[in-house]
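This report introduces a single protein chain to a reader who has not met it before. Please look over the sequence and the structure shown here before reading on.

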Amino acid sequence: MTDEPRLSAQDMIEHLAPVLSLRVRIRAVAALLSGVGGAVFVGTLWWSEPGPLPGRTHVAFALFTVFCLAWAAYGGWLLTRRVPLFAADRVIAAWIGLAASLATTALVTVVAVQRGTGAGPALAVGGLFVAVALALALRAHARRAALLRRMHELTGREER
């Protein structure tokens, strides 16, 4: 027998190395760089337009810039985490993707209706993207719930 006390599962979790895995760090850097790069690219396009733009074009540029900044913020947030996330990063990424899909589908549909080309194709393609984003969000929530359930089983604490 050893003289060291046995650590509970919660103590083991708290003593994990405070470093993200290489895969998560690569994902975080990719999200940060692509978000900043996208925001700079879209902002430069928006700023450098030679003439006045229609209102819906301003809305589209602003929307794409906001989504790029959201991905950059997500990447920065993920890089600063030093605790086990229990798939919270996947849930946040899924919600950003779902919001981007819904907003882009709505914008493209409005533009299609205003142009008189019909909303069918825009809704079909946008609906496909929304469905995939929703499936990924549901999968991320299920994974997080399973990890939290397992943690509660190991620590012996009741679920809240």
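Two residues are in contact when heavy atoms of theirs lie within 4.5 Å. With that meaning, residues 24 or more positions apart account for 70% of the contacts in the chain that have a separation of 6 or more. The model discussed here is a predicted one.

**Overall architecture**

The chain contains five helices and zero strands. Read from the N terminus, the order of its elements is α-α-α-α-α. Of the 160 residues in the chain, 28% are buried. The accessible surface of the chain amounts to about 10800 Å², and carbon and sulfur atoms contribute 69% of that area.

**Salt bridges**

Side chains of opposite charge can pair when their charged atoms come close. How many salt bridges does the chain have? The count is two salt bridges.

One of them joins the side chains of Arg27 and Asp89, with an N to O distance of 2.6 Å. This pair connects distant parts of the chain, since Arg27 belongs to helix 2 and Asp89 to helix 4, 62 residues apart. Arg27 is partly exposed, at a relative accessible area of 32%. Asp89 has a relative accessible area of 6% and is therefore buried, the cut-off for that class being under 20%.

The other salt bridge is formed by the side chains of Arg150 and Glu153, at 3.2 Å from N to O. Both residues lie in helix 5, where three residues, about one turn of the helix, separate them. Arg150 counts as partly exposed at 45% relative accessibility, whereas Glu153 is exposed at 51%. The limit that places Glu153 in the exposed class is a relative accessible area over 50%.

**Patches on the surface**

A positive patch on the surface is made up of Arg23, Arg90, Arg139 and Arg143. Of these residues, Arg23 is located in helix 2, which covers residues 22-47. Arg23 counts as exposed because its relative accessibility is 60%.

The surface also carries a nonpolar patch, formed by Leu128, Val132 and Leu136. Together these three residues have about 280 Å² of accessible area. Leu128 is part of helix 5, which spans residues 120-155. With a relative accessible area of 54%, Leu128 is exposed.

**Two buried residues of helix 4**

Helix 4 runs through residues 88-115 and includes Thr109. Is Thr109 buried or exposed? Thr109 has a relative accessible area of 12%, so it is buried. Apart from neighbours within four places in sequence, Thr109 is in contact with Ala119, Ala122 and Leu123.

Ser101 also has its place in helix 4. Ser101 is buried, its relative accessible area being 13%. Which residues does Ser101 touch when those up to four places away in sequence are not counted? They are Phe129, Val130 and Ala133.

**Pairs of residues apart in sequence**

Two further residues illustrate how positions along the chain relate to positions in space. Val29 lies in helix 2 and is partly exposed, with a relative accessible area of 37%. Ala146 is found in helix 5 and counts as partly exposed at 30% relative accessibility. The table gives the partner of each residue.

| Pair | Separation along the chain | C-alpha to C-alpha distance |
|---|---|---|
| Val29 and Gly75 | 46 residues | 6.0 Å |
| Ala146 and Phe86 | 60 residues | 9.1 Å |

**Summary by element**

The residues described above may be gathered by helix. In helix 2, Arg23 is exposed, whereas Arg27 is partly exposed and forms a salt bridge with Asp89. In helix 4, Thr109 and Ser101 are both buried. Helix 5 holds both partners of the salt bridge between Arg150 and Glu153, and Leu128, a member of the nonpolar patch, lies in this helix too.

Methods:
Residues numbered from 1 in each chain as written. Predicted model: local features only at pLDDT ≥ 70, side-chain atom pairs only at ≥ 80, totals over all residues. Heavy atoms only, no water. Helix = DSSP H or I, 4+ residues; strand = E, 2+ residues; numbered from the N terminus. Buried < 20%, exposed > 50% of the residue type's maximum accessible area, 1.4 Å probe, protein only. Areas by Shrake-Rupley, 256 points an atom, 1.4 Å probe, with all protein chains shown as cover. Patch = residues over 30% accessible without salt bridge, like charges linked within 9 Å, V, L, I, M, F, W, Y side chains within 5 Å. Salt bridge = Lys/Arg side-chain N within 4 Å of Asp/Glu carboxyl O. Lys, Arg positive; Asp, Glu negative; His and termini not counted. Charge placed at Lys NZ, Arg CZ, Asp CG, Glu CD.
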